[in-house]
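Trainee: I should like to understand the terms used for this structure. May we go through them one by one, setting each value against its definition?

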Amino acid sequence: MTAWKEIDQHVKVWMNYARKLILAQIKTDVQVSTKSGPNDLVTNVDKEIEEYYVKQIKLFFPNSLILGEEGHKDSGMLKHQGYFWVIDPIDGTMNFVKEQENFASMIAIYYNGKPLLGYIYDVMKDKLFWGGPACQAVYCNNEKLNSPANLSLKDGLFGASCPMVLRNYRGINEVISKSSGARIVGSAGIEFINVMSGKLCAYLSFLRPWDYLPGKILAETLGLIVKTIDGEPVNVLSSTDVLVATDNAQSEIFKIINNY
Ligand code: 2AM
Ligand code: CA
Ligand code: CA
Ligand code: CA
């Protein structure tokens, strides 16, 4: 197996290049198209970064399998003995287009079916959150993160998803009313960062593998809980409602949801 430090070095070079691509185009050169509906966007920059990551991965780690949000899908995936990469070139594309901040570039790496490393790059703040079982720690740039305080729901802000709030999905409004308040950022990656940094006690959203795998690898390394809304382990390749939370907040949230 390639030493994780060698992989990490490559990934950081690639993510820095992706940041340069974003900064070069964000003000002037973004072509937006819709996917499943008017709020589901993709841009030329999302596609360009995914293609770039795939090309680099295949060049340096040719036996890898890759799953990318914008279309790259190798067959075999988790049964694969070797590296499995999951890419979200820009997480929070709507924010990228409308706010020009609060989006991230993300990569998750598995080896023989086990989590190895996760990366969430807050591009505009130039903060790369990285780490995982390979190094048994999580860093923001070069600074090691401590595990966040075990906040209870009443003492913490709750990271919500807009579609869930609009439908009061599974009693989510009661969860919010028992918290310090709700925040909706619009990027799963940034929300994972906010839970890991102790700004939120929890975040809940319907997510796809590229949305949650990088954050799951990092959050679990810090001792946070990542489960489905039914309290089940998150199956690595499923699209599902994902809760990331402190231990205290998750038990209170499940109590409310189960009584709804
Ligand atoms: P994305 O920007 O990479 O698509 C809020 O929209 C969060 O949910 C973002 O992290 C976004 O990731 C994700 N998301 C997942 N499915 C989505 C969809 N169909 N439309 C918009 N956002 C989606
Ligand atoms: Ca998308
Ligand atoms: Ca995403
Ligand atoms: Ca995306």
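Mentor: Let us begin with Gly82, which in this predicted model is found in the loop between S3 and S4.

Trainee: Why is Gly82 called partly exposed?

Mentor: Gly82 has 15 C-beta neighbours inside 10 Å. A buried residue would need 20 or more, and an exposed one 12 or fewer. The count of 15 lies in between, so Gly82 is classed as partly exposed.

Trainee: What makes Asn63 and Ser64 contacts of Gly82?

Mentor: Residues are in contact if their C-beta atoms, placed from the backbone, lie within 7 Å. With neighbours within four places in sequence left aside, Asn63 and Ser64 meet that condition for Gly82. As for Ser177, its C-alpha is 45 Å from that of Gly82, and the two are 95 residues apart in sequence.

Trainee: Which strands form the sheet that includes S3 and S4, and what makes a strand in it an edge strand?

Mentor: The order is S3-S4-S5-S6-S7-S8-S9, an open sheet of 7 strands with mixed pairing. Strand S3 (65-68) and strand S9 (143-144) are called edge strands because each pairs on one side only.

Trainee: How do you know that S8 and S9 pair?

Mentor: Pairing requires at least two bridges. Strand S8 (residues 137-140) and S9 have 2 bridges, in the antiparallel sense, and therefore count as paired. In S9, Glu143 stands opposite Cys140.

Trainee: Which helices lie against this sheet?

Mentor: Helix H1 (residues 4-25) packs on the sheet and touches strand S5 (104-111), strand S6 (114-122) and strand S7 (127-132). The direction of H1 makes about 25 degrees with that of S6. Helix H2 (residues 44-60) lies across S3, strand S4 (83-91) and S5, and runs at about 160 degrees to S4.

Trainee: What is the order of the sheet of 5 strands?

Mentor: That open sheet runs S11-S10-S12-S14-S13, and its pairing is mixed. Its edge strands are strand S11 (181-183) and strand S13 (225-228).

Trainee: What makes the pairing in this sheet mixed?

Mentor: Strand S10 (residues 157-159) and S12 run parallel and are joined by 3 bridges, with Leu157 opposite Leu200 in S12. S12 and strand S14 (residues 240-245), in contrast, run antiparallel and are joined by 6 bridges; here Phe206 stands opposite Asp241. Both senses occur, so the pairing is mixed.

Trainee: Why is strand S12 called mostly covered?

Mentor: Of the 8 residues in S12 (residues 200-207), 7 are buried. Each of these 7 therefore has 20 or more other C-beta atoms within 10 Å of its own.

Trainee: Why are H6 and H7 called roughly parallel?

Mentor: The axes of helix H6 (residues 188-196) and helix H7 (residues 209-221) cross at roughly 15 degrees and come within 9 Å. Angles under 35 degrees count as roughly parallel, so this pair qualifies. The crossing of H6 past H7 is right-handed.

Trainee: Which residues make this contact, and how are they classed?

Mentor: Ala188, Gly189, Phe192, Val195 and Met196 in H6 meet Asp211, Tyr212, Pro214, Gly215, Leu218 and Ala219 in H7. By class there are 8 nonpolar, 2 polar and 1 charged residues. Gly counts as polar and Asp as charged, so Gly189 and Gly215 are the polar residues and Asp211 is the charged one.

Technical notes
Residues are numbered from 1 along each chain as its sequence is written. Chains are lettered from A and ligands numbered from 1 in the order in which they are written. This is a predicted model: local features need pLDDT of at least 70, side-chain atom pairs count only at pLDDT 80 or more; totals for chains, interfaces and linings use all residues. Axes are lines fitted to C-alpha atoms, for helices over the stretch in contact, and angles run from 0 to 180 degrees between N-to-C directions. Helices (H or I, at least four residues) and strands (E, at least two) are DSSP runs, numbered from the N terminus. Angles under 35 degrees count as roughly parallel, over 145 as roughly antiparallel, 65 to 115 as roughly perpendicular and the rest as oblique. A crossing is left-handed if the near helix is turned anticlockwise from the far one by less than a right angle, and right-handed if clockwise. Two residues are in contact if their C-beta atoms, placed from the backbone, lie within 7 Å.
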